[in-house]
Amino acid sequence: MKTSIPSSLIPTSNQIDHTQQLHVGGNRLTRRIKIGNKSFESSISLHPENQENARHDALGEWWSTYLKGSVKPDSEPAGQLSVVDLFCGAGGLALGVKQLSHEMGYSVINELIADSDSDAVSTLAANHSVRLRRTDSITSLIDFRVRGKGETATFTYSPELLDDDVADAASRADLLTAGPPCQGHSNLNNRSRRSDMRNYLLLTVPAFAVAAKINRVVIENVPAVIHADANVIATTRSLLESEGYYVTDGVLACEQMGWPQARKRYFMIACRYTQPIPLDTITACLSDDQPRTLEWALNHLSACPIDTSTLMDLSTEHSAENQRRIDWLFDNDAYDLALSERPDCHKDGTTYTWVYGRMRPNEPAPTITTGFTTPGRGRHVHPTERRTLTPREAATLQGFPLNYRFITEKGSLPTRTQLAKWIGNAVPMPLGYAAALSALGAVDIQS
């Protein structure tokens with residue numbers, strides 16, 4: 001039977017207390033968050049030369065410390081958060097969960113990480129505590145069938161995990177996170193948008209949660225997923241609600257939280273026994289009306305030695321024609337390429353005006369995508385140098401700490417294509433942090 005929750009019992013966003021405070025005292029910067037029935041605080045030590053910066057931009061200083069090696073707990077963890085991460089990629093979403101958990105006083109163990117990209121799985125495992133890895137297709141790990149679609153969807157029978165080791169690992173999980181492939185939903189995918197079969201991979205997430213009896217779920221995707229074929233979002237929500245989960249969903253934006261990137265992601269948060277915090281409340285709690293700029297982000301790299309033995313610090317060598325277009329932007333002190341300088345298919349006008357564009361240093365970066373190495377796939381030209389972004393610059397904008405290791409299954413260095421995929425597809429740390437706060441700060445339903 002489908003669960004029905006009386007609307008009078010579900011807290012609305014304006015009924016939930018929420019505050020974020022940052023305070024500088026001596027050489028300590030303290031962050032306090034209260035939301036719903038949870039409150040927590042953590043602090044970091046400030047070097048003398050950073051104390052004045054912290055007084056002017058406390059949140060910026062907090063994130064600077066994170067980028068330089070993460071904000072770690074002041075004391076021994078009060079407990080442990082056990083996580084299953086499906087479609088995990090190289091660990092962007094895991095960073096947000098880990099950061100929030102540390103601030104709440106918990107250590108994190110990834111009981112299971114799973115992705116068909118074995119090299120991405122190796123990168124995540126090199127940076128996070130992991131017990132079990134799987135590189136099989138997620139669909140091969142679980143048996144389920146869905147009856148109906150949209151708001152009427154239910155499971156035909158109870159989903160079942162097919163791998164004993166996976167089932168054992170998942171039985172210990174407090175939280176399930178998942179980022180199913182988004183290419184089928186993306187507005188940049190003109191060939192198979194909306195009808196791509198990868199869209200249906202979303203349904204494996206509620207099936208896995210139900211089979212493993214995991215009480216808190218975070219699902220992320222591109223905002224355009226709400227228009228996907230066969231109303232897959234409504235189906236996913238219905239499957240969760242039919243099994244007793246309370247669900248909230250919506251879009252979170254980096255800029256609204258003061259992070260220097262104009263990236264948005266869709267999230268669905270589901271909790272059993274508790275109501276997840278509405279995402280508009282999360283945004284209100286974590287909001288910051290002065291987003292840091294691209295220049296702020298890139299300045300963190302100035303003190304880092306450039307390592308030309310890897311591709312992380314090397315920009316792409318462009319074709320003569322694309323280099324000419326990049327040079328034109330600088331020679332004309334321009335940020336948008338003139339129609340006359342574009343490919344023939346653009347010269348009569350284009351709706352993709354940002355393509356071949358130069359990034360503005362005093363604004364947040366545009367959305368980082370897998371095409372950040374190529375001027376023809378977005379506004380990816382460096383603001384002050386005649387090139388596109390390096391992988392390390394893009395990774396910083398996505399919230400990867402400067403010490404994050406990108407490595408393949410065999411221990412070798414990744415290719416440029418792999419780095420572009422892993423970094424461009426990642427969930428920026430602040431968005432993963434916010435989504436995890438919705439699930440882990442969940443409020444009790446009145447009875």
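## Exercises on a predicted model

In the hairpin of β2 and β3, 2 residues sit between the strands, and glycine 36 takes a positive phi near 60°. Keep in mind that this is a predicted model. Grab the viewer and work through the three exercises below.

**Exercise 1. Work out how the sheet around this hairpin is put together: which strands are in it, and in what order?**

Step 1. Start with the order. The sheet is open and has 3 strands, arranged β1-β2-β3 with antiparallel pairing.

Step 2. Find the edges. β1 (18-25) and β3 (38-45) are the edge strands, each pairing on one side only. On average, neighbouring strands of this sheet are turned by 10° against each other, ignoring direction.

Step 3. Go through the pairs. Strand β2 (residues 28-35) pairs with β1 in the antiparallel sense over 8 bridges. In that pair, glutamine 21 stands opposite arginine 32 in β2. β2 and β3 also pair in the antiparallel sense, over 8 bridges. Here arginine 31 has serine 42 in β3 as its bridge partner.

Step 4. See what packs on the strands. Helix α8 (residues 279-286) lies across β1 and β2, and runs at about 155° to β2.

**Exercise 2. Arginine 342 is buried; find the nearest side chain of opposite charge, and say how far away it is.**

Step 1. Locate the residue. Arginine 342 belongs to the loop between α10 (320-331) and α11 (391-397).

Step 2. Look for a charged partner. The nearest side chain of opposite charge is aspartate 336, 5.4 Å away. A salt bridge needs a side-chain nitrogen of Lys or Arg within 4 Å of a carboxyl oxygen of Asp or Glu. Arginine 342 has no salt bridge, though it is buried.

Step 3. Check the backbone too. A polar atom of the arginine 342 side chain lies 3.0 Å from the backbone oxygen of valine 355.

**Exercise 3. Decide whether valine 247 is buried or exposed, and list what it is in contact with beyond its neighbours within four places in sequence.**

Step 1. Place the residue. Valine 247 is in strand β13 (residues 245-253).

Step 2. Apply the cut-off. Buried means under 20% relative accessible area. Valine 247 has 8%, so valine 247 is buried.

Step 3. List the contacts. Leaving out neighbours within four places in sequence, valine 247 touches Arg237, Leu240, Glu241, Met268, Ile269, Ala270 and Pro276.

Step 4. Try a distance in your viewer. From C-alpha to C-alpha, valine 247 and threonine 369 are 28 Å apart in space, with their positions 122 residues apart in sequence.

Terms used
Residues numbered from 1 in each chain as written. Predicted model: local features only at pLDDT ≥ 70, side-chain atom pairs only at ≥ 80, totals over all residues. Heavy atoms only, no water. Pairing = 2+ DSSP bridges. Helix = DSSP H or I, 4+ residues; strand = E, 2+ residues; numbered from the N terminus. Axes fitted to C-alpha atoms, helices over the stretch in contact; angles between N-to-C directions. Contact = heavy atoms within 4.5 Å. Buried < 20%, exposed > 50% of the residue type's maximum accessible area, 1.4 Å probe, protein only. Lys, Arg positive; Asp, Glu negative; His and termini not counted. Polar contact = N/O pair within 3.5 Å; in protein donor to acceptor, adjacent residues only side chain to side chain.
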